[in-house]
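Visitor: I am new to this structure and would like a close look at a single part of it. Could you choose one place where two helices meet, and then show me where that place sits in the rest?

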Amino acid sequence: MSVITLNPPSSRKYRFSGTQAYCFASAALSILIVGTILLTLLVQSGPILLTGNADIIGTKWNPSDGKFGILPMLFGSVFVMSIAVSIAFPVGLMAAVYIAETRSSKLRRVLKSTLEILAGIPSIVYGLIGVTYLNIWIADLFDLQSGRIILTAGILLGIMILPTFLTLTEDAISAVPVKYRENAKSLGLYRHEVFLSIILPKAKSGIAGAGLLALGRALGETMAVMLVIGSLDRLPSPLLNPLSSGQTITSKLGREVTESAFGSPHFSALVFMGLLLVLITIFLTIASRYLFRQKDQHV
Amino acid sequence: MSERVNIRRVQEKCFAFILRASLALCGGVLVFLLGSIVVKGFGSLSLDFFFTPAKDFGKSGGVIYQILGSLLMVVAAAVLVLPLALGTAIFQISYNARPKIRYVLEQSLYALNAIPSITYGLFGLIFFVNVLNTGISWFVGAVILAIMILPTAILSTYQAMAAIPKTYQENAAALGLTKAQVIRRVTLPQSFHGLVTGLLIGLARAIGETAPIMFIATAFSGVTVPQSLVEPVSTLPTHILELAQQSTDPQALQNAWGASLILVGLVAGFSGLALLIRSRLSSEGRK
């Protein structure tokens, strides 16, 4: 907001300095990049949207028949994300409450910095952990031939989004002023009552924002999911069976983009899925920004 | 009355137990993750592993060209993103007086940050490799990584610039400096740490990315140091990916863990440097 209002002498007012030109060009290029990405994806998904008989909203994906139903992938993405979220959110929220309500600032600092390390571990390394351990444990646990199933992908993804969700939630809870807690406690409320009736309503939008951001990350995650999901382009049967192999949009893209010829309907269908993914994640991010701003206004 | 109090007590005990259990679960996962990376990784590290090229499709030999390829690509990305991030941040802070443009720019950057990494790869494949016909090239990979870290770099620089006390710029303007001079003499030196920190955080993120570069910039084997801009390189993340797909082969997995530890070490190195520089330079700048 700190635009300098003190103008130089008016003779120079309309001279376009080099610095100014450079800055304008940079800003224009930054906006242009975003536009180009969206436009490129849109243009390339055009062919599949214009051919009428590809059954885009179908359950069958078979490039040799010209059938490109994206429902199995879309369902897979949502299913894996739901499993991840139902693991990460409760655990993350409760751990965040503990960290935020503890009065030891040293413990808090240590935990926060370790969480940042965890958030920095590349997703391919999570994938390796999934392949080496989780995979095999799940297969043993449920007595399956292979542990490359939706459940494994969901659990791994849950572990991956946990640090992000935890840190942001903790920030939201810590931002509730201490005086609210003190007042509530002095009225004789127990800790869980303080949390449920004071902290949670106050930190609600911040926590929701953290949740949406984590959702976006979960949807867009590729490498780890691709390695453990089993890559099967069918809806699981029965539909909500987490023990079957599956496919998400991201794992589909990771596996098949190099196999499809540029410009073919196959490629176009893949790009269309990519475009859907981008639009969903952008929407989630904008929604979470809105919620974070709400938080700032309330507290 | 006493019964009611007892119920609340029990509830509180349960609540406290759940909190502790959740924290313990998080701690357990954390220890397991870091522990397995360190233990498994150290098992396959040796001096040779760092300094020899990969052999037998990664099953034996080391990862020297993977390390060099990764570093080459992220350093190039940082060099590419530096002028763009700097210019955009200065634009936001000094030239952009219209709220509408500010809004569009901010939203664009948040959108850029939200785009899943694999779609960057898809975009690169369409726009550079096919439309501009560059072929598989490490430089295209660097451009894509630069786009990915652009929001981080701009935001960090912008925040450092916004934190400069307004009196600094007003004083400089009062002394008769033009806007461009104020930027060069006051804004830039005072916010330099923000740019460097943003770039390093971006580097830490970029070096671990697999999805954006696996279609457009890398080859698995037979790659050494590139001689031109349009050759593929081999990188640590894509190397780990290939090895992890041969997960039935213990030797391949072993090397994948070694490469992972090096990768995590590089990420931690860049992040650590970013923190160090933030605390160093920002405290010096304010004096």
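**Where two helices meet**

Guide: In this predicted model, Ser123(A), Tyr126(A), Gly130(A), Leu134(A), Asn135(A) and Ile138(A) of α4(A) come into contact with Leu151(A), Thr152(A), Ile155(A), Leu156(A) and Met160(A) of α5(A). Sorted by class, the residues of this contact between α4(A) and α5(A) are seven nonpolar and four polar, with no charged residues. Two packed helices are described by the angle between their axes and the distance between the axes. Here helix α4, residues 123–142 of chain A, packs against helix α5, residues 150–174 of chain A, at an angle of about 135°, and their axes are 10 Å apart. Because angles over 145 degrees would count as roughly antiparallel and those from 65 to 115 as roughly perpendicular, α4(A) is described as oblique to α5(A). The crossing in which α4(A) passes α5(A) is right-handed. An α-helix has 3.6 residues a turn, so residues three or four places apart point the same way.

Stepping back from this pair, one finds that chain A as a whole has 10 helices and two strands, and that its elements, taken from the N terminus on, follow the order α-β-β-α-α-α-α-α-α-α-α-α. The C-alpha trace of chain A spans about 70 × 65 × 30 Å along its principal axes, and the radius of gyration of chain A is 24 Å, whereas a compact globule of 299 residues would have one near 19 Å. Of the 299 residues of chain A, 47% count as buried, and among the contacts in chain A between residues at least 6 apart in sequence, 74% join residues at least 24 apart.

Chain A also has a partner, since the model places 76 residues of chain B in contact with 69 residues of chain A. On the side of chain B that touches chain A, helix α1 (residues 2–44) of chain B gives the most, with 17 residues, and by class that side of chain B has 53 nonpolar, 17 polar and six charged residues.

Within chain B, helix α9 (residues 236–245) is mostly covered, with eight of its 10 residues buried; these buried residues of α9(B) are Leu236(B), Pro237(B), Thr238(B), His239(B), Ile240(B), Leu241(B), Leu243(B) and Ala244(B).

Notes
Residues are numbered from 1 along each chain as its sequence is written. Chains are lettered from A and ligands numbered from 1 in the order in which they are written. This is a predicted model: local features need pLDDT of at least 70, side-chain atom pairs count only at pLDDT 80 or more; totals for chains, interfaces and linings use all residues. Two residues are in contact if their C-beta atoms, placed from the backbone, lie within 7 Å. Helices (H or I, at least four residues) and strands (E, at least two) are DSSP runs, numbered from the N terminus. Ala, Val, Leu, Ile, Met, Phe, Trp, Tyr, Cys and Pro count as nonpolar, Asp, Glu, Lys and Arg as charged, and the others, Gly among them, as polar. The radius of gyration is taken over C-alpha atoms; the globule rule is 2.2 Å times the number of residues to the power 0.38. A residue is buried if 20 or more other C-beta atoms lie within 10 Å of its own, exposed if 12 or fewer, and partly exposed in between; C-beta atoms are placed from the backbone. Axes are lines fitted to C-alpha atoms, for helices over the stretch in contact, and angles run from 0 to 180 degrees between N-to-C directions. Angles under 35 degrees count as roughly parallel, over 145 as roughly antiparallel, 65 to 115 as roughly perpendicular and the rest as oblique. A crossing is left-handed if the near helix is turned anticlockwise from the far one by less than a right angle, and right-handed if clockwise.
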